[in-house]
Amino acid sequence: MSASARKTAPMPDDIRAMKGGTPIVTLTAYTTPVARMMDAHCDVVLVGDSVGMVLHGLPSTLGVTMEMMEMHGRAVARGLDKAMMVIDMPFGSYEESPQQAFANAARLMRETGAAAVKLEGGAHMAETIAFLTARGVPVMAHLGLTPQSINTLGGYKVQGRDTQADAMVADARAVAGAGAFSVVLEKVPATLADRITGGIEIPTIGIGASAGCDGQVLVVDDMLGLFTAFKPKFVKRYATLGEDGEAAIAAYAADVRARRFPEPEHTFADRAQGE
Ligand code: KIV
């Protein structure tokens, strides 16, 4: 069922049940108005830690804090009615122990109303994923290019080529076996994404993966052309809001300097005239 036809937001089990069916539509959001724009069209809205780079100008996602995720999570929740909200656990908030992960996941869900959390990592996070799901925290896993690990991955490279492929299949099986309800595959070869999709029972959500994944996700600022610092190959720009916005700002500045703005319709008379 499409998000626009549904009356209430899906639950993580509903997303899991979409495996092999109509692709799961996911986008990131960080603010109320953007969440409102996508609510009728997306199954899942992810409050991604990409917020650090696209809205806060950070060089990577490593500087994102719990407080930032809480603030943006609350904003996104105000704009959603039909789509399910998932929130990223920021770097350093879950890796130390299952107990640390539970305390911070519970805090994010309590403070934002998110239905699930997303965390990065494969087999080494399986114990934590099992601990969380057993305690009421649905988990979306994230494999492949895991941006919180860029310093150990050596940058934003394609993951899972050649001898790495079998290990990623094992990671996908481990997170699925631990109870994750879905898994993001980022920047992995299409054949490997298809192999993983066919080899596990939970939906794969691709970003730079394959059209054969059970769903797709993009960073909203990338696909709207708002974030232009760089464009990964896997991004398709559906709009040029960055360029259009700058042109609009330049036109406003020119109008102000030439006293073309405000015009009579933007100003007020001595007596009220229906404004
Ligand atoms: O933070 C984010 O935006 C993400 C997506 C790229 C999946 O994790």
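1. A polar contact is a pair of N or O atoms within 3.5 Å. With that cut-off in mind, we can look at how the ligand is held in this structure, which is a predicted model. A polar side-chain atom of Asp49 lies 3.0 Å from an oxygen atom of the ligand, and this distance falls within the 3.5 Å limit, so the pair counts as a polar contact.

2. Two further side chains come to similar attention. In the side chain of Asp88, an N or O atom is 3.1 Å from an oxygen atom of the ligand, while for Lys118 the distance from a side-chain N or O atom to a ligand oxygen atom is 2.8 Å. The ligand taken alone exposes 260 Å², and the protein buries 95% of that area.

3. Which residues surround the ligand? They are Thr28, Leu46, Gly48, Asp49, Ser50, Asp88, Lys118, His142, Glu186, Ile207, Val217 and Val219. Sorted by class, this shell is made up of four nonpolar, four polar and four charged residues.

4. Where does the ligand sit? Its place is in the largest pocket, which holds about 440 Å³ of space. The lining of the largest pocket has 26 residues, and those closest to its centre are Ser50, Pro147, Glu186, Val219 and Phe234. Helix 3 (51–54), strand 6 (182–186) and strand 8 (215–218) are the elements that give two or more residues to this lining. By class, the lining of the largest pocket divides into 15 nonpolar, five polar and six charged residues.

5. The second largest pocket deserves its own point. Its volume is about 380 Å³, and of the 21 residues that line it, His124, Gly144, Thr146, Leu153 and Asp171 lie nearest its centre. Two or more residues of this lining come from each of strand 5 (139–144) and helix 8 (165–177). How many residues of each class are found in the lining of the second largest pocket? There are seven nonpolar, 11 polar and three charged residues.

6. Two details of the backbone should also be checked by eye. Phe261 and Pro262 are joined by a cis peptide bond, with omega at about 0 degrees, and Pro262 is found in the segment after helix 11 (241–257). Asp162, although it is not a glycine, has a positive phi of about 55 degrees, and Asp162 belongs to the loop between helix 7 (150–153) and helix 8.

How values were computed
Residues are numbered from 1 along each chain as its sequence is written. This is a predicted model: local features need pLDDT of at least 70, side-chain atom pairs count only at pLDDT 80 or more; totals for chains, interfaces and linings use all residues. Side-chain values use heavy atoms; hydrogens and water are left out. A residue is near a molecule or strand if one of its heavy atoms lies within 4 Å of it. A polar contact is a pair of N or O atoms within 3.5 Å; within protein, one must be able to donate a hydrogen and the other to accept it, and residues adjacent in sequence count only if both atoms are side-chain atoms. Accessible areas come from the Shrake-Rupley method with a 1.4 Å probe; for residues, only the protein chains shown count as cover. On a 1 Å grid over the protein atoms alone, a cavity is a set of points where a 1.4 Å probe fits but cannot get out, and a pocket is an open set with protein on both sides within 12 Å along at least five of seven lines; lining residues have an atom within 4 Å of a point. A molecule sits in a cavity or pocket if more than half of its atoms lie within 2 Å of its grid points. Ala, Val, Leu, Ile, Met, Phe, Trp, Tyr, Cys and Pro count as nonpolar, Asp, Glu, Lys and Arg as charged, and the others, Gly among them, as polar. Grid points are joined across faces, edges and corners, and a volume is the space filled by probe spheres set on the points. Helices (H or I, at least four residues) and strands (E, at least two) are DSSP runs, numbered from the N terminus.
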